[in-house]
Amino acid sequence: MLNAIIYWSLRHRFLVIAIAVGFAVTGAFSLSRLPIDAFPDTTPVQVQVNTVAPALSPIEIEQQITFPVEQAISGLRGLVEVRSISKFGLSQVTVIFDDDTDIYLARQQVMERLSTVELPEGLSQPAMGPVATGLGEVFHYILTSDTKNLSELRSIQDWIIRPQLRSVSGVAEVNSWGGHERHYQVVVDPAKLTKYDLSLLDLFNALRRNNANVGGGNITRSGEQLLVQGIGFVTTLEEIGNIVVTATDGVPIYVRDLGAVVDGHEVRRGAVTYGGKGEAVLGLGFMLMGENSRDVTQRLKARMEEVKLSLPPDVEVKTVYDRTDLVDLVLNTVKTNLFEGAILVVVVLFLFLGNFRAGLIVALAIPLSMLFAGNLMLRVGIAGSLMSLGAIDFGLIVDSSVIMIENSVRHLAESKDGRSRIEIVRDAAIEVRKPTMFGELIIMIVYLPILTLEGTEGKLFSPMALTVIFALAGSMIASLTLMPVLASLCLPKQVTDREPHIIRLAKGVYAPMLRYVLSARGVVLSLTTVALVSAVWIALNLGAVFIPRLSEGAIVINTVRLAGVSVEESVRYGTQIERVLLESFPDEINDIWSRTGTAEVATDPMGIELTDVFITLHPRAEWQKASTQAELVLMMEGKLATMPAMRAIFTQPIEMRVNEMVAGIRSDLGVKVFGDDFDQLKTIAAQIEEILKSISGTADAVTEQVTGLPMLKIRLRQDQLARHGVPASEVLDFIAAIGNIRIGEIRQGQVRFPLSVRLPDEYRSDPERVANLLIPTASRQLLPLSLLADLEIVDGPSTINREWSKRRVVVQCNARGRDVASLVAEARTRIESEIDFPPGYFVRYGGQFEHLERAATRLMFVVPLALSLIFVLLYVTYGRVTDVIRIFMTLPLAAVGGVFALYFRDMPFSISAGVGFVAMSGVSVLGDMVFVSYLRGLLDKGMPMYEAIEQTAMMRLRPVLMTGLVAALGFVPMAFNTGVGAEVQRPLATVVIGGVLTSTMLTLLVLPVFYSLLSGKTQKK
């Protein structure tokens, strides 16, 4: 069949060229429409269920909201995990489904179950979070003003900016964080309620009954229909104050007589500071799941410019985080790698072929293969990113074309029998058709195991494997069709016999080396064995990580303070952190802002004691105090270490969100302790934290804060309530009014604000005032609350985390200067041996290392299957098991170079490096096939073994060197690039370069030794 393809192509040369041009045009069109992103989205299919109850404590949230929601959701089809967070005023249940579940089907299932949840009266219904992922937070902007207060800024964000941005195509949600959420409030005075012999319930009823509109149907008059509408809504503070509650002897008692009517705000669950200047309002744009971040962000930026025209002149909106910046930086890294790699490959082609036309023909395979891959990427839905386009090596792509054109050049140079150019090229193409096609097939096969990876690792590396397979498929088709056609049309019939200088030099060096290794086979085998054993020992001690930490060009500092800290204190501390870092690193920091607590839509639920400090950076060329982001982080750690009562963990925006959404853990390793009693959990967690801190190579070891939240617990005394005839609801209304009791809403055109009732501020600042709060009895006697209830200040949980309805506490740490795999292994051993767990308490391990373990397990199963398939292909090619065994013997030896390359560059093993070993094995097999195919042809003609080996080695030196060098040099820019995102490519490129160089040396020096050893004494003679 291969011969038929070559014959057909040479008979229809111009049709083949026309088809190739057609593919190129459609490929260019596809690449122009290809979505562009920084990284593949690795987050799972998940749905967040948020329930807001502003006045409830974490324990009440857990018991009244979280537990019923968890019970309703359990048992859904495709359910993988259910975890929850119960915090002051907020319950969030995260439901994770398997990757085959459609997100909208998952949301439909969750919605159906939520409709069955019955919560206590007065609590808002659970609501699902936006259809977004860990990479969905693509746009941050800050609102500031010199004249407007935080309440006005928040209203501008909620009612002017947010609605316009939410209408942008591809936007899932626009969230608001910080400022004051405006409330119209009746600040009721308990003494005045008593004076007029009224209860809170009387006030609630008056406000509800006097703030409504109704419809009265219609009236027909003289053939005309009039609609009837009753208007009772109040719209101003004055109108609220004029609502009549009751009348005494014909004298009305107004709302204003019972307290002050003020323009206030909701109980604050979060705040934002900016630039060390104090509070501001933050807006966050979330991308709809499945959309392209670059396109959505560009649309948001364009719409924001339109929105600015509708804002008051004294309000400034500044974009502080823009995903297009990261995408552009990553694309610049990819472009640099591809361009420099292509240049190096082309230079090698021209130097080794010694023929400008031949080099040009082979170089043409690079854009054609890319365009072919672009076509398929668009059809399959793969975005152009660091992990797809960035992983292409042009050296791998041109290998088959190199072999085809090199053989054609050699045949044209040696031809003396007067055959036509087409016949010569045809015979040359047929001679190498099997090694070229099967070599490319084998490289594609070794990428197949990557497609079997699951979860995060599968989503991360599958686009890369598919893109490489697409490009290799294009190269393979071109080598069998277009390359022979272009060789027959463009190469001269009489090619000079003079070899390029570099080839003559290489042969001059190689010939004596070959003679030596064939005569000193024992020495060669001994050195090879030593190298192999050394590589195995080094490999076992390299350590392992999932993937290297990607530099995003931005930093996030997760700060933790004591539970129970006020919003005002968190704001002050966040502002202080911003000032310290801005003063210390003015040339490195572009923008800095802090997010404390929780936003309106709780995509990232945090307590008031938690603050995320976001830092965007200037281009590295402008930095003065650090050369890498890792160095800058260490310096910032030193600056913040002197600040008391705070712990800081350094991460990055995408990294933080993905880690949190995938595992609920923000660091490399999280030890999850499960149990029921908070005190016992805290004790075990403290022991684990001490163990982690004592392990070399750990950083940021910290136990999540779950206790220490001061609570004023008011427990009603039923005997006293019965004695004085006081309904419990009467007392509970007064307690709830310390916060806000929402009664209705105030409408001002299209803008709506809540209407609520609360007690004066002194009851929020002094527990003694609460204890002395006067409660009316049935006999109209006033009794202090302390006589009707027991009041005590206790430490309660600040956060209650649950997983599969079981309480848990997480101890987290990062690996710093050490691989994650060995750190986890040591931590496991010490925790299991040093801690005695009570019955019902146990630990589980989470974090990035889980992906490494899962990927390694899958590859250990799939890679042998791929190697078996390669064995079959090689057997089909040669028909001799001995030839296949000889080639396979070089595979583990070829890996030696990759192991040593990682060792000398101080890199641990990672999935990126594992992909490099996969690619390297394919190139190694291709080089061996070029050697073995020619050697087998000579042996079949009856040539003695030693003579055949020497002739093959000298004749195949150029294609073997070319295939190895172009593959290695194509990865050189990737191996040494320091741009944003290059970290994940560096191990891959390092392994391929080291492995290809070693495998080329093995093909030229060790493979001949293997053949000579297995040839038999007769052939030797």
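This report looks at salt bridges and one helix pair in a predicted model.

**Salt bridges**

Let us start with the charged side chains. Across the whole structure, a search turns up 31 salt bridges. Three of the pairs are set out here, each with its closest N to O distance.

| Acidic residue | Basic residue | N to O distance |
|---|---|---|
| Glu173 | Arg162 | 3.2 Å |
| Asp328 | Arg294 | 3.4 Å |
| Asp322 | Lys301 | 3.0 Å |

Take the pair of Glu173 and Arg162, joined by a salt bridge at 3.2 Å. Glu173 belongs to strand E6 (residues 171-178) and Arg162 to helix H5 (residues 150-166), so this salt bridge ties together parts that are 11 residues apart in sequence. Both Glu173 and Arg162 are buried.

Next comes the salt bridge between the side chains of Asp328 and Arg294. It links distant parts of the chain, with Asp328 in helix H11 (residues 323-353) and Arg294 in helix H10 (residues 293-308), 34 residues apart. How accessible are these two side chains? Asp328 counts as partly exposed because its relative accessibility is 38%, and Arg294, at 23%, also counts as partly exposed.

Helix H10 takes part in another such link, this time through Lys301, whose salt-bridge partner is Asp322. Here, too, distant parts of the chain are linked: Asp322 sits in strand E15 (residues 315-322) and Lys301 in helix H10, 21 residues apart. Is each partner buried or exposed? With a relative accessible area of 7%, Asp322 is buried, whereas Lys301, at 34%, is partly exposed.

Salt bridges can also join into a network, as they do for Glu62, Glu70, Arg802 and Arg807.

**A helix pair**

Now for the packing of two helices. Two packed helices are described by the angle between their axes and the distance between the axes. For helix H19 (residues 501-519) and helix H34 (residues 945-955), the axes come within 10 Å and cross at roughly 150°. Angles over 145 degrees count as roughly antiparallel, and H19 and H34 are therefore roughly antiparallel to each other. The crossing of H19 past H34 is right-handed.

Which residues meet where these helices touch? On the H19 side they are Lys507, Tyr510, Ala511, Leu514 and Leu518, and on the H34 side Tyr946, Ile949, Glu950, Ala953 and Met954. Sorted by class, this contact of H19 with H34 holds eight nonpolar and two charged residues, with no polar ones.

Definitions and conventions: Residues are numbered from 1 along each chain as its sequence is written. This is a predicted model: local features need pLDDT of at least 70, side-chain atom pairs count only at pLDDT 80 or more; totals for chains, interfaces and linings use all residues. Side-chain values use heavy atoms; hydrogens and water are left out. A salt bridge is a side-chain nitrogen of Lys or Arg within 4 Å of a carboxyl oxygen of Asp or Glu. Helices (H or I, at least four residues) and strands (E, at least two) are DSSP runs, numbered from the N terminus. Buried means under 20% relative accessible area, exposed over 50%, partly exposed in between (1.4 Å probe, protein chains only). Axes are lines fitted to C-alpha atoms, for helices over the stretch in contact, and angles run from 0 to 180 degrees between N-to-C directions. Angles under 35 degrees count as roughly parallel, over 145 as roughly antiparallel, 65 to 115 as roughly perpendicular and the rest as oblique. A crossing is left-handed if the near helix is turned anticlockwise from the far one by less than a right angle, and right-handed if clockwise. Contact means heavy atoms within 4.5 Å. Ala, Val, Leu, Ile, Met, Phe, Trp, Tyr, Cys and Pro count as nonpolar, Asp, Glu, Lys and Arg as charged, and the others, Gly among them, as polar.
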